[in-house]
Amino acid sequence: MPFTREFIRKAAKESGVEVPKELEDALVQEYLSEKEDYTSKKVKEALENHKPAQTKAEDTEEYKALKKQFEDYKVQQQEKEAKAAKGNAAAEILKAAGLSGKALEMAQALYKLDKMELDESGKAKGFDSLVTAAKTEYAEILPKGGSYTPPAGSSAGAKADLGALSMEEYIKERSK
């Protein structure tokens, strides 16, 4: 129950005391004065201690850190995509030069992707000149025109007559 004149009268009546009107006025006046002082102190404290709220999420440090992480991630993904596209273009160049299989994989691993530039279609700029350069650079491992010639002194060119032997038995017998 709030502290009012009615409260004072009722409390006095229940106590069996009669409070003069001047005393009632003085009590109410004192209560209001103290309440006003207390309220003004609290408001001053709140204003002094109040830090302005950040109105935008973009101003927070957490947001800035997350945004930087995201930008870094986007750059990494773009670099990965560019490297993959250049790797595919290098594979095309090396295939056009005549490499295949393990030789293609090895040459592709050694290919200098950082100097390669791609056109809009994802193909290497100067494709034909790069193919010619690859043919020159990897001439030693490119297959020669013509069929395979086995080393001298081997019978690899002749068909093996396995007879009743299995392939494993034949290999064991030939390696003795």
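Helices here are DSSP runs of H or I with at least four residues, strands are E runs of at least two, and both are numbered from the N terminus.

**Figure 1. The whole chain, a predicted model with six helices and zero strands.** From the N terminus on, the elements run α-α-α-α-α-α. Residues are numbered from 1 along each chain as its sequence is written. Since we're looking at a predicted model, local features need pLDDT of at least 70, side-chain atom pairs count only at pLDDT 80 or more, and totals for chains, interfaces and linings use all residues, while side-chain values use heavy atoms, with hydrogens and water left out. The accessible surface comes to about 14900 Å², and 55% of that belongs to carbon and sulfur atoms; areas come from the Shrake-Rupley method with a 1.4 Å probe, and for residues only the protein chains shown count as cover. Of the 176 residues, 14% count as buried (buried means under 20% relative accessible area, exposed over 50%, partly exposed in between; 1.4 Å probe, protein chains only). Take the contacts (heavy atoms within 4.5 Å) between residues at least 6 apart in sequence: 48% of them join residues at least 24 apart.

**Figure 2. Glu-24 and Arg-9 form a salt bridge between helices H2 and H1.** Side chains of opposite charge can pair when their charged atoms come close. The rule used here asks for a side-chain nitrogen of Lys or Arg within 4 Å of a carboxyl oxygen of Asp or Glu, and the count comes to seven salt bridges. In this view, the closest N and O atoms of Glu-24 and Arg-9 are 2.9 Å apart. Glu-24 lies in helix H2 and Arg-9 in helix H1 (residues 5–15), so the pair ties together parts that are 15 residues apart in sequence. Glu-24 is buried at 4% relative accessibility, whereas Arg-9 is partly exposed at 44%. Zoom out a little and you have a salt-bridge network linking Arg-5, Arg-9, Glu-24 and Asp-25.

**Figure 3. Glu-71 pairs with Lys-74 within helix H3.** Their salt bridge has an N to O distance of 3.7 Å. The two residues sit three apart in helix H3 (residues 61–97), so about one helical turn separates them. Glu-71 is partly exposed, with a relative accessible area of 34%, and Lys-74 is partly exposed at 34% too.

**Figure 4. Lys-125 and Glu-117 meet in another salt bridge.** Here the N to O distance is 3.8 Å. Lys-125 counts as partly exposed, at 46% relative accessibility.

**Figure 5. Four acidic residues gather in a patch of negative charge on the surface.** The members are Glu-30, Glu-34, Glu-36 and Asp-37. Patches are made of residues with over 30% relative accessible area and no salt bridge, with like charges joined within 9 Å. Asp and Glu count as negative, and Lys and Arg as positive, leaving out His and the chain ends. Each charge is placed at CG of Asp, CD of Glu, NZ of Lys or CZ of Arg. Glu-30 lies in helix H2 (residues 21–49) and is partly exposed at 45% relative accessibility.

**Figure 6. Tyr-138 sits buried in the loop between helices H5 and H6.** Helix H5 covers 127–137 and helix H6 covers 167–174. The relative accessible area of Tyr-138 is 9%. Leaving aside neighbours within four places in sequence, Tyr-138 is in contact with Leu-94, Leu-99, Ala-107, Leu-110 and Tyr-111. Tyr-138 and Leu-94 are 44 residues apart along the chain, with their C-alpha atoms separated by 9.1 Å.

Key: Patch = residues over 30% accessible without salt bridge, like charges linked within 9 Å, V, L, I, M, F, W, Y side chains within 5 Å.
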